[in-house]
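Reader: Could you walk me through this protein, one question at a time?

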Amino acid sequence: MEITLEQILAARDAREAYRKTLQARFPGACIAVFTLVTPGTIKRSPETIRLFDAGVRAIGRVIAKNELLPRVFEAHEKDTGDEAYLVVKTDPGFLKMEFCKLEESAPYARLWDMDVIKPNGEHISREEIGFAQRGCFVCGKAGRNCYARRLHAQDAVQAAYQKLLQTLPE
């Protein structure tokens, strides 16, 4: 199913509203929001479902390994792209570091977007905890610059995206 820009923007607003609801329900906890980087108009497919499920399992391993006690850990299936939420009382910098390690753990993990929000509502950047900005998956340079300036043709972006999806184990 193809998704419009309006649907994508509405989904982003809904995610932010839900995150604020979780933050109000669980003061002092940090919130993690997991989504996928999916260029183009199709946000949910068999491949993205497998990719998302792999990310949820990876987050579950971080929770278990570090003996975290989630207040909430839930996944939502959406045509605009699946999303997961984790609410946990832990050091947000530590959680972001663990998630950055996951995002760099495999080529396909470049398509994972794992945001961590402090109890005060501020997002933690990769750079804030000593990681480099994520690279563009087309050319490897600073990803935000390429995306914001639309430096790559859509077919090049789609080809690079498909190549990363192919690295996901069956």
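Reader: Of the 170 residues of the protein, what percentage count as buried?

Author: A word on the basis: this is a predicted model, in which local features need pLDDT of at least 70, side-chain atom pairs count only at pLDDT 80 or more, and totals for chains, interfaces and linings use all residues. Residues are numbered from 1 along each chain as its sequence is written, and side-chain values use heavy atoms, with hydrogens and water left out. Buried means under 20% relative accessible area, exposed over 50% and partly exposed in between, with a 1.4 Å probe and protein chains only. By that cut-off, the buried share of the 170 residues is 42%.

Reader: Happy with that. In what order do helices and strands follow along the sequence?

Author: Helices (H or I, at least four residues) and strands (E, at least two) are DSSP runs, numbered from the N terminus. The protein has 5 helices and 4 strands. Read along the sequence, their pattern is α-β-α-β-β-α-β-α-α.

Reader: Why is the protein said to be as compact as a globular protein of that length?

Author: The radius of gyration is taken over C-alpha atoms, and the globule rule is 2.2 Å times the number of residues to the power 0.38. For 170 residues that rule gives 15 Å, and the protein is close to this, so it is as compact as a globular protein of that length, with a radius of gyration of 16 Å.

Reader: Among contacts between residues at least 6 apart in sequence, what percentage join residues at least 24 apart?

Author: Contact here means heavy atoms within 4.5 Å. Among the contacts between residues at least 6 apart, the share joining residues at least 24 apart is 63%.

Reader: Now the rings. Why is the pair of Phe-34 and Trp-112 edge-to-face?

Author: Rings of Phe, Tyr and Trp (its six-membered ring) pair if their centres lie within 6.5 Å; planes under 30 degrees apart count as stacked, over 60 as edge-to-face and the rest as tilted. That rule yields 4 aromatic pairs. For Phe-34 and Trp-112, the centres are 6.3 Å apart and the planes stand at 85°, so the pair is edge-to-face.

Reader: Which strands does this pair link?

Author: Phe-34 and Trp-112 are 78 residues apart, so to speak of distant parts of the chain is fair. Phe-34 is buried at 2% relative accessibility, and Trp-112 is buried with a relative accessible area of 2%. The strands are E1 (residues 30-36) for Phe-34 and E4 (residues 112-117) for Trp-112.

Reader: Which residues do ring pairs link into a cluster?

Author: Tyr-108, buried at 15% relative accessible area, is one of them. Its ring centre is 5.7 Å from that of Trp-112 and the planes are at 75°, so this pair is edge-to-face. The cluster consists of Phe-34, Phe-52, Tyr-108 and Trp-112.

Reader: Let's turn to helix H3. Which residues does Cys-100 touch, not counting residues up to four places away in sequence?

Author: Cys-100 lies in helix H3 and counts as buried at 0% relative accessibility. Leaving out residues up to four places away in sequence, Cys-100 touches Arg-126, Ile-129 and Phe-131.

Reader: One last point: what is the phi of Glu-67?

Author: Most residues other than glycine have a negative phi. Glu-67 sits in the loop between helix H2 (46-65) and strand E2 (72-76), and is exposed, with a relative accessible area of 68%. Although Glu-67 is not a glycine, its phi is positive, at about 50°.
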